[in-house]
Amino acid sequence: MPPFQELNFKNRFIDLGPDFFQEKQPDPVTDPYLVDYSPSAGKLIGLPLEIETGFLEKFSGNQPLEGAQPLAMAYSGHQFGSYNPRLGDGRGLLLGEVLNKENKSWDVHLKGAGPTRFARGFDGRATLKSSIREHLGSEALNGLGIPSTRSLAVIGIKEIIYREKPELAAILVRVADCHIRFGSFEFFHYTNQPKNVERLTDFAIQNYHNDLWNEPDRYRIFFRRVLTLTARLISKWQAVGFVHGVMNTDNMTITGTTFDYGPYGFMDGFNVNYTPNSSDVHRRYSFQQQPEIGFWNLNKLAETLVPLAGSESLQEEIKQYQPLFNGFYREEMGRKLGLSILDADFSQLTQEMFQFLFDHKLDYTHFFRLLANFPERTGKSQFPPDLHSWLDRYLKLCERESISHDERKKKMDEVNPKYILRSHLIQHALDRAIKDFDFSEITRLRVLMENPFEDRPDVFKKYDINEELYSQETPQEFLGRQTSCSA
Ligand code: AMP
Ligand code: MG
């Protein structure tokens, strides 16, 4: 594999010109140190399994990477329902776009690289804690098979920054398919720059949805594509119980990729109102709101495309969101339940299941693993008594599928994780990192979440991962845990 000195930068965004960004080098940092490196993210851009000498200096921004042309992107967006005209990469820099051996382009981005022209008086830094949270979250979603930005590394820096209290700072090296957000379009739309909305849309189609370039109605079809990818992404979040926490339009990309990890969380005891973001007092971005918010955000994107695609066609397209989402979600739930006949009986059964999970606050993740073992490996007695008649009806639907129990279990275990990134696991890793400067728990969690569906004895042994400990339910005091935006 080529070392990072030979990263094949093919920067495209810079061609859009200065209306779209500020060119800026990362600010130098003192004594960068490695917190964790993800080899599987490194592989995407052709980096070796272990970091080489010089990595920290280059990826913390202390030394330039050859071929990189760092820039801070301009964007705005709707935050919690209100338009904020002044956003943009206040602390992030797109170092450049790397073309890998498979001819796929990956953005290499630093988060926390110093204040840019978009910083609005903030310090341009990220806390070590929030960087670790993003690192683990993105690698975990990827392990679950959900489109996500990746985290190449967290690099700690010897700098204290002030949030609710003094905090250690760090830089997150993000590797992502795309950094163009709904908010990128909003920025040019609301500043009355229709030509730049068009240039951005053409750029987005050419570079990210190139198969649409020759469509006669390409702007409309582009919107349809983004809508479809967004609906599919959110159906996957819902299926696994992931709550993003800050679904502002600047945190949604045109490739339908989970983007910008702040106070996210995974469902433990099932609660449709679960909101991991402690600042979201109105629960705008709660679990059950996510599909609807996806729709709301798509409407905001559509508004910016009206001059290009026409209002009527976009309205036609947006109507497809709900049925598309429902279809994707039904398929996700079918897979989770090991069922392929997704008829009215299936819908009824699923609905009753959710009611039951909610009433009993059952652990959302464990429930499906337990159900996969039913009836041959786990008897009815393992479930609460008032679920028994539901279990009978579930078995009836299973019988229609004409596959053996073992086959069904295998299929279910491939989509229902045994391990999820529970809040207490993250907290434990953060405590060890912050209090003891011991980052081994971060590595352990990252490795565990690479494949959360099965036990891997050799890997578990190498990293000292205790199967029982990491698959335990969330302790009472951590249930429904919330994090603040600034933490
Ligand atoms: P986020 O919550 O990370 O999506 O950030 C929202 C907006 O605030 C973006 O424009 C960020 O660039 C900006 N921002 C957040 N924190 C900082 C910071 N410490 N310094 C500069 N800009 C920031
Ligand atoms: Mg953001």
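## Ligand 1 and the two-domain arrangement

The domain assignment of the protein divides it into domain 1 (3-179) and domain 2 (183-330). The structure is a predicted model. Between the C-alpha centres of domain 1 and domain 2 the distance is 22 Å. To the contact between them, domain 1 contributes 36 residues and domain 2 contributes 41 residues.

Ligand 1 occupies the space of the largest pocket. Around ligand 1 there are 16 residues, of which Gly88, Gly90, Arg120, Gly124 and Asp260 come nearest. Both domains take part in this shell: domain 1 (3-179) and domain 2 (183-330) each supply at least three residues. Sorted by class, the shell around ligand 1 comprises eight charged, four polar and four nonpolar residues.

Polar contacts of ligand 1 are set out below.

| Residue | Protein atom | Ligand 1 atom | Distance |
|---|---|---|---|
| Glycine 90 | backbone N or O atom | oxygen atom | 2.7 Å |
| Arginine 91 | side-chain N or O atom | oxygen atom | 3.1 Å |
| Arginine 125 | polar backbone atom | nitrogen atom | 3.1 Å |

Taken alone, ligand 1 exposes 480 Å², and the protein buries 83% of that area. Glycine 90 appears in two of these descriptions: Gly90 is one of the residues that come nearest to ligand 1, and a backbone N or O atom of glycine 90 lies 2.7 Å from a ligand oxygen atom. Arginine 91, by contrast, approaches an oxygen atom of ligand 1 through its side chain, at 3.1 Å, whereas arginine 125 places a polar backbone atom 3.1 Å from a nitrogen atom of ligand 1.

Terms used: Residues numbered from 1 in each chain as written. Chains lettered and ligands numbered in written order. Predicted model: local features only at pLDDT ≥ 70, side-chain atom pairs only at ≥ 80, totals over all residues. Heavy atoms only, no water. Near = heavy atom within 4 Å. Polar contact = N/O pair within 3.5 Å; in protein donor to acceptor, adjacent residues only side chain to side chain. Areas by Shrake-Rupley, 256 points an atom, 1.4 Å probe, with all protein chains shown as cover. 1 Å grid on protein atoms, 1.4 Å probe; cavity = no way out; pocket = protein on both sides within 12 Å on 5 of 7 lines; lining within 4 Å. Sits in = over half its atoms within 2 Å of the grid points. Nonpolar A, V, L, I, M, F, W, Y, C, P; charged D, E, K, R; others polar. Domains from an automatic or database assignment. Contact = heavy atoms within 4.5 Å.
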